[in-house]
Amino acid sequence: MTRRSWAEPYKIKVVEPIRITTREERVAAARQAGYNTFLMRSEDVYIDLLTDSGTSAMSDYQWAGLMIGDEAYAGSKSFYNLVAAVRDVYGYEELVPTHQGRGAEHILSQILIEDGDYVPGNMYFTTTRFHQEHAGGTFVDVIIDEAHDPTSLHPFKGNVDLDKLQRLIDDVGADKIPYISVETNVNMAGGQPLSMANLRATYEICRRHGILVMLDATRALENAWFIQQRETGYHDKSVAEIMLEICSYSDGATVSSKKDNLVNIGGFLALRDPELARQARALLVAFEGLHTYGGMSGRDMEALARGIREMVATDDHVHARVGQVEYLGNALIKAGVPIIRPVGGHGVFLDAKAILPHIPHDQFPAQALTAALYIESGVRGMERGVVSAGRDKETGDHHYPKLELVRLAIPRRVYTQAHMDVTAESVIELLEHPESVTGLRFTYEPESLRFFQARFEPIA
Ligand code: F0G
């Protein structure tokens, strides 16, 4: 029987109680956290949509894996299970395990980037760009213009703009571009996929110029789902087959396993070239851990190996995952709330500039909206706008991204349809009085990755 809805392909065996707080408690909690949802205690949160990272519910089979994880310092059985899972599902032979995604980004940036290099990418991600710049590189955005337009209905807003890429190659020379970082289901664009045709074309251009293609395959599964749904020629392929084809157009990948892979911690760098892998392992032992565990315990690796296989075992998992996100998105669209469209793979992104036109960009509309939503409802989201974008390292000015967003990221297999209903109701109610939300200013601004720990106060 074909499934008619996105109903979850599991039943619930264990639950964790959550508590709705009072408005008074939330006003106090927000003030104490400097109006930054990263600084709040989860106890004070009702529905936690801060991130889909490390917040998944594991299956009973994964939990069973924790018990038989092999904690040997060297040569753990669980490591070899992980190697086999990555080879079977992603198709890479060389596995370099790390504690999470940014550990892999660090190692990759250090082995490939030299001072003065350029690293193109289909939109930046915060930690990825940090490590590229930290290694002496300059990030160059080569995503298509539609990605920066919240209203564009382009089905593949994550696509690389091949002309922008070619122009960069012509301008700075291929020898100054060690690799392109291609993100699957682009997070900062709103969870938007790139097409297989675009990835293939990107790979061909790069091969011609001796430039490596490194995927950020953190959300490759969700990208594979959209390719199956939207791209001609892929309707009859399984997401497992599509995943392997995506990875075939690359020389390696960094992965934060805290997303697609259904675990609470972990990540890896995967490569094809054994010589590059050798260089990566040489750094790994200094920064992460021995090459057969990186930053993970044996039980982490066992649960991860199982999560990787589980995510592609049938298409039903990703159907339900993206289906739930679309359910929330469609409820908001129906009520006229301006969100990024098409609805993305891992969350719903509110267009704060459109919702709060009275707040100037340098008073952080998305940060203000995130705090207001928390105070009114206990729903915790995350700013993805000017605060996340940080400052230009040359001029010291804010980066002003075109997208000024509040992200409501949905953890995998954690919340129900009723939680999505409550979330939609909360946003819709808040939008009845948008003028009650005021801008913010910094009371503390960290030098780098400032969104994590910055503090604010409302501008009276
Ligand atoms: N790449 C992408 C696309 C990510 O979304 C993240 C993390 C990372 C790399 C870094 O991985 O956290 O395991 O070190 N994104 C989280 C988020 C933090 O909430 O979007 P990590």
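**Exercises on a strand pairing and a ligand shell**

Met382 stands opposite Arg407 in E12. The model is predicted, with local features needing pLDDT of at least 70 and side-chain atom pairs pLDDT 80 or more, while totals for chains, interfaces and linings use all residues. Residues are numbered from 1 along each chain as its sequence is written, and side-chain values use heavy atoms, leaving out hydrogens and water.

**Exercise 1.** Work out which strands stand at the edges of the sheet that holds E12.

*Solution.* Begin with the pairing of E11 and strand E12 (residues 405-409), which is antiparallel over 3 bridges; strands are DSSP runs of at least two residues, numbered from the N terminus, and two of them pair if DSSP finds at least two bridges between them. Next, place both in the open sheet of 3 strands, whose order is E9-E12-E11. Strand E9 (347-351) and strand E11 (382-384) each have a single partner strand and are therefore the edges, so one side of each lacks a neighbour in the sheet.

**Exercise 2.** Describe the polar contacts and the cover of the ligand.

*Solution.* Take polar contacts as pairs of N or O atoms within 3.5 Å; within protein, one must be able to donate a hydrogen and the other to accept it, and residues adjacent in sequence count only if both atoms are side-chain atoms. Ser256 places a polar side-chain atom 2.6 Å from a ligand oxygen atom, and Lys259 places one 2.9 Å from a ligand nitrogen atom. Finally, of the 470 Å² of accessible area that the ligand has on its own, the protein covers 96% (Shrake-Rupley method, 1.4 Å probe).

Notes. Helices (H or I, at least four residues) and strands (E, at least two) are DSSP runs, numbered from the N terminus.
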